Amino acid sequence: MKRSAAVILLALGVWGFIAYWTSTNDCDRKVTALNNPMKAIVQCEYGGPDVLKLEEVEKPVPNDNQVLIKVRAASLNFIDAGIMRGPIPLRLMGTGLRKPTKTMLGQDVAGQVEAVGKNVTQFKPGDEVFGLARHSLAEYVCARERALVIKPANVKFEQAACGGIAALTALQGLRTGKIQPGQKVLINGASGGVGTFAVQIAKSLGAEVTAVCSTNKVDLVRSIGADHVIDYTKEDFTKSEQRYDMIYDNVGNHSRAERSRILTSNGICVLAGIGSAGVREGQLSRIGGNFTAFLASRSSRQKFQMYRTKVKQEDLAVLRDLLATGNVTPVIDRTYKLSETAEAMRYLEQGHARGKVVITVQQDEQVSLSQ
Ligand SMILES: NC(=O)c1ccc[n+]([C@@H]2O[C@H](COP(=O)([O-])OP(=O)(O)OC[C@H]3O[C@@H](n4cnc5c(N)ncnc54)[C@H](OP(=O)(O)O)[C@@H]3O)[C@@H](O)[C@H]2O)c1
């Protein structure tokens, strides 16, 4: 028995060693000449924002089911910072053990359709669209047809570029919490990328919203519709006498017991996240705490609910309508050029963005490759 375990461990060790040292990416296969170059953000190694370089790569070609988009804007998300740094759990999940397998970054996009594959029926060249497209931190990107919707004419590209992951996460999370008009909803982490959407979407669905944020964001969350604001530097929301039908928790910095205390008897705590973008201390214990709360609540009336954001065109269409009617207005903290992506990521990783950080891509502008 002991011998078999030792053999399995040894085999795993050898496999891990080989897998680690053979983990490679495009950067190791230098291409001499590009047929159709475009500029893109490339990361050859895992690390801090300095690993992000503006380089020339081959312009992508859409397959039969894809749409080629001329990118006008993209926004940064928590996951981009994670992919850039490559914490061990992400590497084990397939981003590459030693080096990032995919060397390009970006998830959210807004831009103009340049070409479509032969099976694409919903879009044509010239359409202005937004949604999700892997590797959108580039001049051009290919996206699945069902990951896009038409951008409303009254919404700017920079705003539409915010309507991807963060907005879907907020919408789908509030639905996970079975939000109803008139309910009392508390949003912990209300002032960042996801939180500013959650506040506005919850208001548009008729909830009474209490937003939790730091002192200098109090005015911001009030301005986007929060009915009540708790400054977490002055007050612990879990000590409140108020009871909430739902806690939408972007931070996960309180125990199950503390959160249960302020939920109604059949209230739901939606476990949306673990705080600000960037790899920081305490994240693993927040993940562990959320997971334990989820499991422990299976047999109780109060539920702690996990969920994973899914790319659904029908949800993007809901967001498009909320943007078009002005019921939701993306909060843009700062806008950077594509060549300034490393600086933008550095800012996002400080962990106190007021809404979204956006990258604009202007093809007519000559961006220096040395930056
Ligand atoms: N479930 C999913 O599939 C999914 C998908 C995308 C994102 N997420 C999660 O969503 C979370 C938020 O992402 P994001 O894009 O909104 O990040 P973000 O833009 O960096 O914002 C995070 C916000 O958290 C706030 N914060 C930090 N510590 C806090 C505390 N102790 N109390 C209250 N607020 C605090 C910060 O505001 P202050 O400056 O006021 O401190 C910041 O505005 C992430 O943890 C991510 O994992 C989940």
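This is a short dialogue on how to read the domains, sheet, helices and ligand site of one predicted model.

Trainee: Where should I start? Which domains does the assignment give for this protein?

Mentor: Start with the broad division, then work inwards. The domain assignment gives domain 1, made of 29-163 + 330-360, and domain 2, covering 166-306. Their centres, taken over C-alpha atoms, are separated by 28 Å.

Trainee: How many residues of domain 1 are in contact with domain 2?

Mentor: Look at each side of the contact in turn. On the domain 1 side there are 16 residues, and they are in contact with 13 residues of domain 2. Two helices, α2 (78-85) and α11 (341-349), each supply at least two residues of the domain 1 side. The most comes from α2, which gives three residues. By class, that side of domain 1 divides into seven nonpolar, five polar and four charged residues.

Trainee: Now the ligand, please. Why does it lie between the two domains?

Mentor: Ask who contributes to the shell around it. Here domain 1 and domain 2 both give residues to that shell, so the ligand lies between them.

Trainee: Which residues come nearest to the ligand?

Mentor: Of the 32 residues around the ligand, the nearest are Gly 192, Gly 193, Ser 214, Gly 273 and His 352. You can also look for the elements behind the shell: α5 (165-176), α6 (193-204) and β9 (208-213) each supply at least two of its residues. As for its make-up, the shell has 17 polar, 13 nonpolar and two charged residues.

Trainee: I can see a sheet as well. In what order do its strands run?

Mentor: Follow the pairing from strand to strand. The open sheet has six strands in the order β10-β9-β8-β11-β12-β13, with parallel pairing. At the edges are β10 (228-231) and β13 (303-306), each of which pairs on one side only. From one strand to the next, the twist averages 20°.

Trainee: Could you show me one pair, and what packs on the sheet?

Mentor: Gladly! Take β8 (residues 184-188) and β11 (residues 244-249), which pair in the parallel sense over four bridges. Within this pair, Ile 187 stands opposite Tyr 248 in β11. Helix α9 (residues 283-296) packs on the sheet and touches β12 (263-271) and β13. The direction of α9 makes about 125° with that of β13.

Trainee: Last one: at what angle do the axes of α5 and α10 cross?

Mentor: For two helices, check both the approach and the angle of their axes. The axes of α5 and α10 (residues 313-324) come within 10 Å and cross at roughly 100°. These helices are therefore roughly perpendicular to each other.

Trainee: And which residues of α5 and α10 meet?

Mentor: From α5 come Ala 167, Leu 168, Leu 171 and Gln 172, which meet Asp 315, Val 318 and Leu 319 in α10. By class, this contact has five nonpolar, one polar and one charged residues.

Conventions:
Residues numbered from 1 in each chain as written. Predicted model: local features only at pLDDT ≥ 70, side-chain atom pairs only at ≥ 80, totals over all residues. Near = placed C-beta within 6 Å. Nonpolar A, V, L, I, M, F, W, Y, C, P; charged D, E, K, R; others polar. Domains from an automatic or database assignment. Pairing = 2+ DSSP bridges. Axes fitted to C-alpha atoms, helices over the stretch in contact; angles between N-to-C directions. Contact = placed C-beta atoms within 7 Å. Parallel < 35°, antiparallel > 145°, perpendicular 65-115°, else oblique.
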